[in-house]
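Please read the following walk-through with the structure open beside it. It takes strands, core and helices in turn.

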Amino acid sequence: MLITITASVSHSFLSFFYSPSPSSPRTLISSLLPNKLSLRSSFLPFSSLGRRRHHLHSQPTGSVSANTMNASSQKLENPDDLIDSVETFIFDCDGVVWKGDKLIDGVPETLDMLRSKGKRLVFVTNNSTKSRKQYGKKFETLGLNVREEEIFASSFAAAAYLKSIDFPKDKKVYVIGEDGILKELELAGLQYLGGPADGEKKIELKPGFLMEHDKDVGAVVVGFDRYINYYKIQYGTLCIRENPGCLFIATNRDAVTHLTDAQEWAGGGSMVGAIRGSTQKEPIVVGKPSTFMMDYLSQKFGILKSQICMVGDRLDTDILFGQNGGCKTLLVLSGVTTLQMLQNPNNSIQPDFYTNKVSDFLSLKATAV
Ligand SMILES: [Mg+2]
């Protein structure tokens, strides 16, 4: 078993101000980079982005990279200091910008204020069921002025990853997932099959029955899929096990998601788990907390990661994503994480700051004056 050990530097907010060369090294032991051999052997050469050693963490959410820093996070008291210290804010969406289909109070005014200060705003979500364009419509419906180019969903990340490794145009992608992934693959000019088209397919087992599969499939992308079935699992499994060098890519490994606000629902990790179980392989993860999207954003916009603040409501995806990328982190308590969860002695993921909701950027400024 190959284990990759990487070091990531994350700066606490205070060290940023009080130290001329802030460096609070936080050693992270990233877990194995899966499919490393097949990646190297099948689709070389990589583009410059793909050639970099991404921290494509394969650990399930809920498990934590070894985090040697146990300092508690601080309540955000003076948002101006944080705002002045960063150039880009990356926002998670659900639990930060909206909850289900309801906008969280004060978000439009806060985003406007940050834009008026010249800050770059980026929106990142692990939800792969929609494409960037479809997310753009959701922002628009909620009355938010957000451009498609500012939205990075894990569906887009899967297509961007394949492009970054120069995935051969004559190869195909088999999709276990919903429409968002197909749309992004199409925009990237990649051939695909599966997805919703296989949602109704059934296998009729007869003696000696053998399921055929396309030998030109060079990658299987697995995302959240409400219509996953045994046909899709078997098809994806055959591709990964029998097509030489076939990649296994996961949009995310979230344990749970919030289809309704009444309870937690099995997340993308459950679909990924099915394919892990049958192939005994670990996926390349492109969504949070893997650093692929952070590396992509940093390169695309030419931003220093120390100039980024990741704002999210989940410790094991958002905050870990920010920390893995070497960014500042702000936890908002408007989503799934409560103050009790943050301060639980068993929780080792501590953001630089926490606050109740994004609009505290405004209300705290008002009270500070
Ligand atoms: Mg969230």
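In this predicted model, strand β9 (residues 172-176) and strand β11 (residues 217-222) run parallel and are joined by 5 bridges. Within that pairing, Val173 has Ala219 of β11 as its bridge partner. In general, the strands of a sheet pair through backbone hydrogen bonds, in either a parallel or an antiparallel sense.

Both strands belong to an open sheet of 5 strands with parallel pairing, and the order across it is β10-β9-β11-β12-β15. At the edges stand β10 (191-194) and β15 (284-285); each has a single partner strand, so one side of each is left without a neighbour in the sheet.

There is also an open sheet of 7 strands, again with parallel pairing, in the order β3-β18-β17-β16-β4-β7-β8. Its edge strands, β3 (74-75) and β8 (151-153), each pair on one side only. Helix α7 packs on this sheet, where it touches β7 (120-125) and β8. The direction of α7 makes about 80° with that of β8. Angles from 65 to 115 degrees count as roughly perpendicular, so α7 and β8 are roughly perpendicular to each other.

Elsewhere in the sheet of 7 strands, β17 (residues 328-332) pairs with β18 (residues 353-355) in the parallel sense, over 3 bridges. One residue to look at here is Val332, whose bridge partner in β18 is Thr355.

Next comes the nonpolar core. The largest one has 83 residues, and the members that touch the most others are Phe152, Val220, Ile249 and Val311. Helix α7 (residues 154-164) gives the most to this core, contributing 7 residues. Phe152 lies within the residue range of edge strand β8. Which residues does Phe152 touch, not counting those up to four places away in sequence? They are Val122, Phe123, Val124, Ala157, Met293 and Leu297. Val220, another of the core residues named above, falls within the range of β11.

The last stop is a pair of helices. The axes of α9 (residues 230-242) and α10 (residues 268-279) come within 10 Å and cross at roughly 50°. The two helices are therefore oblique to each other, and their crossing is right-handed. On the α9 side, the residues that meet α10 are Ile233, Gly236, Thr237, Ile240 and Arg241. Their counterparts in α10 are Ala274, Ile275, Ser278 and Thr279.

Definitions and conventions:
Residues are numbered from 1 along each chain as its sequence is written. This is a predicted model: local features need pLDDT of at least 70, side-chain atom pairs count only at pLDDT 80 or more; totals for chains, interfaces and linings use all residues. Two strands pair if DSSP finds at least two bridges between them. Helices (H or I, at least four residues) and strands (E, at least two) are DSSP runs, numbered from the N terminus. A nonpolar core is a set of buried Ala, Val, Leu, Ile, Met, Phe, Trp, Tyr and Cys residues joined through C-beta atoms within 7 Å. A residue is buried if 20 or more other C-beta atoms lie within 10 Å of its own, exposed if 12 or fewer, and partly exposed in between; C-beta atoms are placed from the backbone. Two residues are in contact if their C-beta atoms, placed from the backbone, lie within 7 Å. Axes are lines fitted to C-alpha atoms, for helices over the stretch in contact, and angles run from 0 to 180 degrees between N-to-C directions. Angles under 35 degrees count as roughly parallel, over 145 as roughly antiparallel, 65 to 115 as roughly perpendicular and the rest as oblique. A crossing is left-handed if the near helix is turned anticlockwise from the far one by less than a right angle, and right-handed if clockwise.
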